[in-house]
Amino acid sequence: MRAGLARVVHVTPDDHRRGLNLVERHADKSYSVCDAISFVVMERLRIKRAASFDRHFRQYGKFTVVL
């Protein structure tokens, strides 16, 4: 992180609320609250691509998964 290759982004209370709401709205999906909070933070930061082996990023369908 000191080299600038990554940064820590803290979850806001609004991110947490939105993540819980997303899980409730998508009850037919199997992603967790942690996944949902990741999704809303990525959306807030306008991140479009995810390097992930987690199938839930594809299940959510709003990111290009590069792995």
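1. Helices in this note are DSSP runs (H or I) of at least four residues, and strands (E) are runs of at least two, both numbered from the N terminus. The model discussed is a predicted one. Helix H3 covers residues 55-60, and His56 is part of it.

2. His56 is a useful place to start. With a relative accessibility of 11%, His56 falls under the 20% cut-off and therefore counts as buried. Its side chain makes a polar contact of 3.2 Å with the side chain of Asp35. Leaving aside residues up to four places away in sequence, His56 touches Ser30, Tyr31, Asp35 and Phe39. Of these, Asp35 and Phe39 are listed among the buried residues of helix H2.

3. Helix H1 runs over residues 13-25, which is 13 residues. At 1.5 Å a residue its expected span is 18 Å, and the C-alpha atoms at its ends are 18 Å apart, so the two values agree. Which residues of H1 are buried? They are Asp15, Gly19 and Leu22. These residues cover an arc of only 60 degrees around the axis, and therefore sit on the same side of H1. Pro13, Glu24 and Arg25 are exposed on the other side of H1. The buried residues of H1 pack against H3 and against helix H2, residues 33-44.

4. Helix H2 has twelve residues, for which 1.5 Å a residue gives an expected span of 16 Å. Its end C-alpha atoms are 16 Å apart, so H2 also agrees with expectation. The buried residues of H2 are Asp35, Ala36, Ile37, Phe39, Val40, Val41 and Met42. They pack against H1, H3 and strand E1, which covers residues 49-50.

5. Both ends of H2 deserve a remark. At the N-terminal end, Ser32 acts as a cap, with a side-chain oxygen 3.3 Å from the backbone nitrogen of Cys34. Following H2 comes Arg46, whose phi is positive. Arg46 is found in the loop between H2 and E1. Its phi is near 60 degrees, although the residue is not a glycine. Most residues other than glycine have a negative phi. Arg46 has a relative accessible area of 69%, which is over 50% and therefore makes it exposed.

6. The aromatic residues come next. Searching the whole structure gives seven aromatic pairs. One of them joins Phe39 and Phe57 in an edge-to-face arrangement, with 5.1 Å from centre to centre and 85 degrees between the planes. Because Phe39 belongs to H2 and Phe57 to H3, this pair ties together parts that are 18 residues apart in sequence. Are Phe39 and Phe57 buried or exposed? Both are buried. Tyr60 and Phe63 form another aromatic pair, a tilted one, with 5.9 Å between the centres and 35 degrees between the planes. Tyr60 and Phe63 are likewise buried.

7. Ring pairs connect Tyr31, Phe39, Phe57, Tyr60 and Phe63 into a cluster. Phe63 also has contacts beyond this cluster. Apart from residues up to four places away in sequence, Phe63 touches Phe39, Met42, Glu43, Ile47, Lys48, Ala50 and Phe57.

8. In soluble globular proteins, nonpolar side chains tend to be buried together. The largest nonpolar core in this model has eleven residues: Leu22, Tyr31, Ala36, Phe39, Val40, Met42, Ala50, Phe57, Tyr60, Phe63 and Val65. H2 and H3 are the elements that give two or more residues to this core. Which element supplies the largest share? H2 does, with four residues.

9. The last point concerns Leu67, which lies in the segment after strand E2, residues 64-65. Its relative accessibility is 49%, a value between the 20% and 50% cut-offs, so Leu67 counts as partly exposed. Leu67 and Asp54 are 13 residues apart in sequence, and their C-alpha atoms are 9.4 Å apart in space. Not counting residues up to four places away in sequence, Leu67 touches Ala50, Ala51, Ser52, Phe53 and Arg58. Ala50 is also on the list of residues that Phe63 touches.

Key: Residues are numbered from 1 along each chain as its sequence is written. This is a predicted model: local features need pLDDT of at least 70, side-chain atom pairs count only at pLDDT 80 or more; totals for chains, interfaces and linings use all residues. Side-chain values use heavy atoms; hydrogens and water are left out. Buried means under 20% relative accessible area, exposed over 50%, partly exposed in between (1.4 Å probe, protein chains only). A polar contact is a pair of N or O atoms within 3.5 Å; within protein, one must be able to donate a hydrogen and the other to accept it, and residues adjacent in sequence count only if both atoms are side-chain atoms. Contact means heavy atoms within 4.5 Å. The expected span of a helix is 1.5 Å times one less than its number of residues. The arc is that of the directions from the helix axis to the C-beta atoms. Rings of Phe, Tyr and Trp (its six-membered ring) pair if their centres lie within 6.5 Å; planes under 30 degrees apart count as stacked, over 60 as edge-to-face and the rest as tilted. A nonpolar core is a set of buried Ala, Val, Leu, Ile, Met, Phe, Trp, Tyr and Cys residues joined through side-chain atoms within 4.5 Å.
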